[in-house]
Every structure is written in C-alpha cells, then in structure tokens.
Amino acid sequence: MSENLWGYQPTAGHTVGTDLIGYKVEATDGSIGKVDKHSDDVTSSYLVVDTGVWIFGKHVLLPAGTVSRIDAGEKKVYIDLTKDQIKDAPEFDKDKHVGDADFHRTTGEYYGRHRRV
C-alpha cells in the first residue's frame, strides 16, 4: 500500500480524471463488488465500493492507497486487502459520511492497521 493512504500508488496505473464507476473490485482473495463512487482529491482520494449481495449490500470506503493496480482494459481495480479485512471495515453511509472528517479519520485508522509493511 501507498505511504500516503489517501493517495494512489504511483505504480497503480491511475490517471486523474479516469471514471472508475462500475469497475469491478478485486481483493487479494477474490471479487468484492463494484465501484459506486470515487474521488481524485489530492489528499483524500478514495473509492466507495458497493459490495452487493456479498455483504448484504454494504458500502465501504477504500482509501486510494489500498489500490495496487487498475486494469482499464478489464475495468477492474485490484485492492491490496483481503475480503475479510474489507468485510470488517466501517460501513459507509453516503447520507451520513460524505464530508465527515471523523469517519474519514477512523476509516484511515482501520486501514492503517492492515497495511502491509
């Protein structure tokens, strides 16, 4: 994962302005859903993933630093986390958490604990 949890890794293949909505999201051990929303903000880049029936429709916020690779041809985003790490992440509620600095901080702390060294 990236040194900066809220920024894309230079090797991820992300180009600012690329629309990732609808891309499939792959954890290290399988598919977890599709990108529902994303942000390219310099200090706060993230993906919101709709996990669908996999976790009963839960949405999760993934900091851009968790993205290991983007394959535009396959329309897939590869995440450097396991399904269980994502399943146990704080649930994202767009009506409550958009622009919520506390949620952003606690989400960053959660993923920060799961970083690979």
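Select Glu26 and Ser31: Glu26 stands opposite Ser31 in β2. This is a predicted model, in which local features need pLDDT of at least 70, side-chain atom pairs count only at pLDDT 80 or more, and totals for chains, interfaces and linings use all residues. Residues are numbered from 1 along each chain as its sequence is written, and side-chain values use heavy atoms, with hydrogens and water left out.

**The β1 strand and its partners**

Widen the selection to residues 24-27, strand β1, and residues 30-39, strand β2. Strands here are DSSP runs (E, at least two residues), and helices are DSSP runs too (H or I, at least four residues); both are numbered from the N terminus. β1 and β2 run antiparallel, joined by 4 bridges. Two strands count as paired if DSSP finds at least two bridges between them. Show the connection next: β1 and β2 form a hairpin, with 2 residues between them.

Now add residues 76-79, strand β6. β6 pairs with β1 in the parallel sense, over 3 bridges. Pick Lys24 to see one of the links: its bridge partner in β6 is Lys76.

**From Lys76 to the salt bridges**

Stay on Lys76 and show side chains. Lys76 meets Glu74 in a salt bridge (3.9 Å, N to O). The term means a side-chain nitrogen of Lys or Arg within 4 Å of a carboxyl oxygen of Asp or Glu. The structure holds 4 salt bridges.

Colour by accessibility. Buried means under 20% relative accessible area, exposed over 50%, and partly exposed in between (1.4 Å probe, protein chains only). Lys76 is partly exposed at 22%. Glu74 is partly exposed as well, at 44%.

Move to Arg69 and Asp71. Their side chains form a salt bridge (3.7 Å, N to O). Arg69 is partly exposed, with 39% relative accessibility. Asp71 is buried, at 19%.

**Helix α3**

Select residues 101-113, helix α3. Show Asp102 and Arg105: their side chains meet in a salt bridge (3.8 Å, N to O). Why is about one helical turn the separation of Asp102 and Arg105? Because they lie 3 residues apart in helix α3. Add Glu109: Asp102, Arg105 and Glu109 are linked in a network of salt bridges. Arg105 is partly exposed, at 43% relative accessibility.

**Back to the start**

Draw a distance from Arg105 to Ser31. The C-alpha atoms are 26 Å apart in space, and the two residues are 74 apart in sequence. Ser31 closes the loop of the tour, as the residue opposite Glu26.
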